[in-house]
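Visitor: I'd like a close look at one part of this model. Could you walk me through a single chain slowly?

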Amino acid sequence: MPLLSVTDLRTYFHTRSGVYRAVDGVSFSLERGETLGIVGESGSGKSVTCYSIMGLIPTPPGRIESGTAVFDGVDLLHCTPTQSRAIRGKRVAMIFQDPMTSLNPYMRISDQLMEPLLIHENLSKPAARQRALAALESVGINDPDKRINLYPHEFSGGMRQRVMIAMALITKPELLIADEPTTALDVTVQAQILELIKKMQRELGMAVIFITHDLGVVSGLCDRVQVMYAGRIVESTDTRTLFHSPRHPYTRALQRSIPALQPKGTELYTISGMPPDLSKPLPGCGFSARCEHATDLCRATTPALAAISPNHTQSCLRVQAGDIL
Amino acid sequence: MPSPALAPTPTPILELRDVRTHFPISSGFLFKRHVGTVKAVDGVTLSVARGEVLGLVGESGCGKSTLARTILQLVPTTGGTVVLSGQNLTTSNTAEILTARRDLQMVFQDPYASLNPRMTVFDTLAEPLLVHGVSSPADINVRVATLMRTVGLAPRFMQKYPHEFSGGQRQRIAIARALALEPKVIIADEPVSALDVSIQAQILNLLAQLVRKMNLSLVFIAHDLSVVKHISDRIAVMYLGKIVELGRAVDVIERPHHPYTRALVSAIPTPDPDIERTRQRIVLPGDPPSPINPPSGCSFHPRCPYARDICKATVPPLAPFATDRDVACLRAAEISDL
């Protein structure tokens, strides 16, 4: 049985200017210890998917219209608050893009680190403090005895991200959701944080969902990748297959537009147009308006993910029909 | 893109000699005391040839944006000279600088912040033309329409406001504004960092095409090495206010000599799982140091895996190391085959 299995998740935002279908029928599952990358451009619904699982969608305007997210037998979207509290923040933890806005600026690091232990594990304060010190040490913060009493603003960006990782992992979660944790950091610091996440994953044996827009980050870290576009998953497969033989036109276009993969000085491939307006009904494939292979069928039928080989699903109708490679 | 300007031409269009930009730090409320100096740019010597793209890379806080602002004289220079087509900007008066800016324009990182939300595209693009008196009010419509077509925007959007455009389109407007006066040099400060991958490719193509067509010189500042490598003829790597390595774009990325460049190159994740899983990554310890109290000697020595005692004492000069390559490292020759 998978650790987490999400089925037909739909999260819509009801705003004054219309209903935004941020996540529109997303299904995937995750095994214990697996690393799943979710890749997409801004507005593709990758973050909203994970916020929905964590119960972090502001309601209103957001609403989870349908779907289930079963974590170890408990549906996180339809369980009681008590059940939910026992899982979220303890067995499933999340880290965010900007550590300055996700740490509480008024609380010392010590209090923030100890909070999950006091709530979830009923530890005494001295015991919690010992665990907090050990957690800081394990994420590579020197001199934790002194630093634990500081406030978030006294740390640099990379250090704050380390503190947030320590905080998320202090209850030894089975699943860590990382929402662009290195986007705000410099490349040399990004390399440190990615190494740290890998090391902690090995030590704790946890599963990781890694949300990012950077295909480079995914390639070294994830076992499996799914690509999202306009609120839907368009392709999902293991990392090597995705990079060496992507099938969905969007994934292929994305790959052709990255400078790192193209010979220097060549004209980069560009995807014409813009992502669709999610507040308008989207009858066909979300990518059809920008796709060079689109036909009338693509614009009329909502495609579903279908396997084209074991472990490789994608949603392009024309690839499924064998029209294009 | 052929690179005719690999060797700096005898008369570069833009030349920086030992440019220094320091900011004083004062403390106290009523009686300000001078407590220190941020050496944001500390002795940069560079030249840019006509039609050349110079990439400037470095992590946040290394002074690359301050250097851009110094070139445009948006911040006062502490020392050194900035020479644009033979004119020394550091000693020029305000009127002379205003004239010089016709040849020297800037594109900023965030197209959401760099366009005035209360000005239509027409107002934004017409303003430089009117300020510099290069276009009479009669034919300004035609000029603006041409500009918009140059950057791939339909002239019928002329009367729209910035909020009606997407990020990529806004960046096109910002580029059109920079092109309005037909400058010789454009400084682009992280022009694609705020954009999505597919939009980023459009803007990179546009910039490369403009450089070719208009024989522009471009100083392209970014932290993403793969983007810089793609567009630049030469690359300068900055660390804590100083250039540590300078050379041909492909060479610098493929055979970096300075230990910092090596670490920087190795830290970029490659979108290829086979390479990514087998290669050895140099993970630098710690954060970039503060420019208020830079380390003694080579400012990279606390994080450098090859540092020796001499590195703590002597500031390494940027010296020629190989063909078309300058490196500021005392041990560059010793460690070159490590």
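Visitor: Let's take chain B: what percentage of its 338 residues count as buried?

Guide: In chain B, 46% of the 338 residues count as buried, where buried means that 20 or more other C-beta atoms, placed from the backbone, lie within 10 Å of the residue's own (12 or fewer is exposed, and in between is partly exposed). Keep in mind that this is a predicted model, where local features need pLDDT of at least 70, side-chain atom pairs count only at pLDDT 80 or more, and totals for chains, interfaces and linings use all residues. Residues are numbered from 1 along each chain as its sequence is written, and chains are lettered from A and ligands numbered from 1 in the order in which they are written.

Now the overall build. Chain B has 12 helices and 12 strands; these are DSSP runs numbered from the N terminus, helices being H or I with at least four residues and strands E with at least two. The radius of gyration of chain B, taken over C-alpha atoms, is 21 Å, close to the 20 Å from the globule rule for 338 residues, so chain B is as compact as a globular protein of that length. That rule is 2.2 Å times the number of residues to the power 0.38. Along the principal axes, the C-alpha atoms of chain B fill a box of roughly 70 × 60 × 45 Å. Take the contacts in chain B with a separation of 6 or more: 64% of them join residues 24 or more positions apart, a contact being two C-beta atoms, placed from the backbone, within 7 Å.

Let's zoom in on a sheet. Four strands of chain B make an open, antiparallel sheet in the order β2-β1-β4-β5; strands pair if DSSP finds at least two bridges between them. Its edges are β2 (33–48) and β5 (87–88) of chain B, each pairing on one side only. At the β5(B) end, 2 bridges join that strand to the antiparallel β4 (residues 79–84) of chain B, and Leu84(B) stands opposite Gln87(B) there. Helix α1 (residues 64–71) of chain B lies across β1 (14–27), β2 and β4 of chain B, at about 75° to β2(B); axes are lines fitted to C-alpha atoms, for helices over the stretch in contact, and angles run from 0 to 180 degrees between N-to-C directions.

Finally, the neighbour. The contact between the chains takes 32 residues from chain B and 36 residues from chain A. On the chain A side, α8(A) gives the most, with 7 residues.
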